[in-house]
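Student: I'd like to go through the empty spaces in this protein. Can you show me the model before we start?

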Amino acid sequence: MQDLKKLINKDKLPKHVAVIMDGNGRWAKSRGEERTFGHKNAITAVRNVINACNEIHIPYLTLYTFSSENWNRPKEEVDTLMNLLSETLLLEAEEIFTKGLRMHVVGDITQLPELVRDQLLNVIELTKNNKKGNLILALNYGSQKEILKAVREISQDVKDGNIDVEDIDEKMFESHLYTKDFPAVDLMIRTSGEVRISNFLLWQIAYAELQFLDVLWPDFTKDTFFQCILDYQNKERRYGMTSDQISS
């Protein structure tokens with residue numbers, strides 16, 4: 001079997017990869033199980049993508065862990081997701097620390113259960129001095145709400161006379177986003193065969209390469225990730241320019 005990792009050009013790696021982890025429910029139903037069974041079996045895939053990123057030294061990885069719309073799911077499923085998050089944080093905290101990763105959270109965590117919130121803050125504190133990579137969990141996150149939050153904050157600054165309307169530019173706007181300390185997303189991956197963004201990092205993926213995989217999330221392996229990186233490296237990123245401009 002071909003070693004995909006060896007084919008990767010270490011000089012052309014994305015700095016920031018974002019993942020929509022989709023397909024747990026369908027994976028479970030295909031096995032005659034409840035949706036919650038899929039969520040419980042998705043932890044291995046999470047480890048796979050974190051380890052793969054760590055092995056090839058991609059500095060930023062954002063995982064769409066729980067959206068602001070996910071509260072609308074059945075209570076049993078939401079409770080299972082929160083319990084799994086709590087258990088995973090307990091089990092993986094030492095591993096995240098040992099790998100030298102720093103953990104961050106984007107989203108409004110005030111609505112999360114107190115236990116989960118405290119565990120998140122503890123891991124963030126534990127890993128705050130780590131420098132080998134950044135693991136970013138999008139929790140109770142919705143990009144439209146994030147953008148509206150930024151608009152309100154900037155509007156208030158204008159109203160209070162702290163800034164002029166003419167001062168508003170992309171850099172200022174980005175300074176009001178949850179992701180203000182991270183680079184723009186270079187590669188966004190979504191599993192399960194669905195071809196949509198689902199309110200995820202709408203501003204941050206403006207020039208990202210998008211990959212939609214016919215793989216259900218619990219089946220996601222390190223080789224799946226390495227193949228995504230190889231596909232990314234075969235793309236020409238033009239940022240609005242022509243191929244001739246890029247080559248010159």
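Student: Which residues line the largest cavity?
Tutor: In this predicted model, the lining of the largest cavity is made of I50, C53, N54, H57, I58, L61, L101, K132, G133, N134 and L135.

Student: How do those divide into nonpolar, polar and charged?
Tutor: Six are nonpolar, four are polar and one is charged.

Student: And which elements supply at least two residues each?
Tutor: Those are α4 (43–56) and β4 (133–141).

Student: What volume does the largest cavity have?
Tutor: About 90 Å³. The count of cavities of 30 Å³ or more comes to one.

Student: OK, pockets now. How much space lies in the largest pocket?
Tutor: The largest pocket holds about 920 Å³ of space. Its lining has 41 residues, and M21, N24, Y64, T65 and F66 are the closest to its centre.

Student: Which elements give two or more residues to that lining?
Tutor: They are α2 (24–29), α3 (35–40), α4, β2 (60–67), α5 (75–98) and β4. The most comes from α5, which gives nine residues.

Student: What about the classes in the lining of the largest pocket?
Tutor: There are 20 nonpolar, ten polar and eleven charged residues.

Student: And the second largest pocket, how much space is in there?
Tutor: About 200 Å³. It is lined by 17 residues, and those nearest its centre are E174, P183, A184, W203 and Q204.

Student: How does the lining of that second largest pocket divide?
Tutor: Into eleven nonpolar, two polar and four charged residues.

Notes:
Residues are numbered from 1 along each chain as its sequence is written. This is a predicted model: local features need pLDDT of at least 70, side-chain atom pairs count only at pLDDT 80 or more; totals for chains, interfaces and linings use all residues. Side-chain values use heavy atoms; hydrogens and water are left out. On a 1 Å grid over the protein atoms alone, a cavity is a set of points where a 1.4 Å probe fits but cannot get out, and a pocket is an open set with protein on both sides within 12 Å along at least five of seven lines; lining residues have an atom within 4 Å of a point. Grid points are joined across faces, edges and corners, and a volume is the space filled by probe spheres set on the points. Helices (H or I, at least four residues) and strands (E, at least two) are DSSP runs, numbered from the N terminus. Ala, Val, Leu, Ile, Met, Phe, Trp, Tyr, Cys and Pro count as nonpolar, Asp, Glu, Lys and Arg as charged, and the others, Gly among them, as polar.
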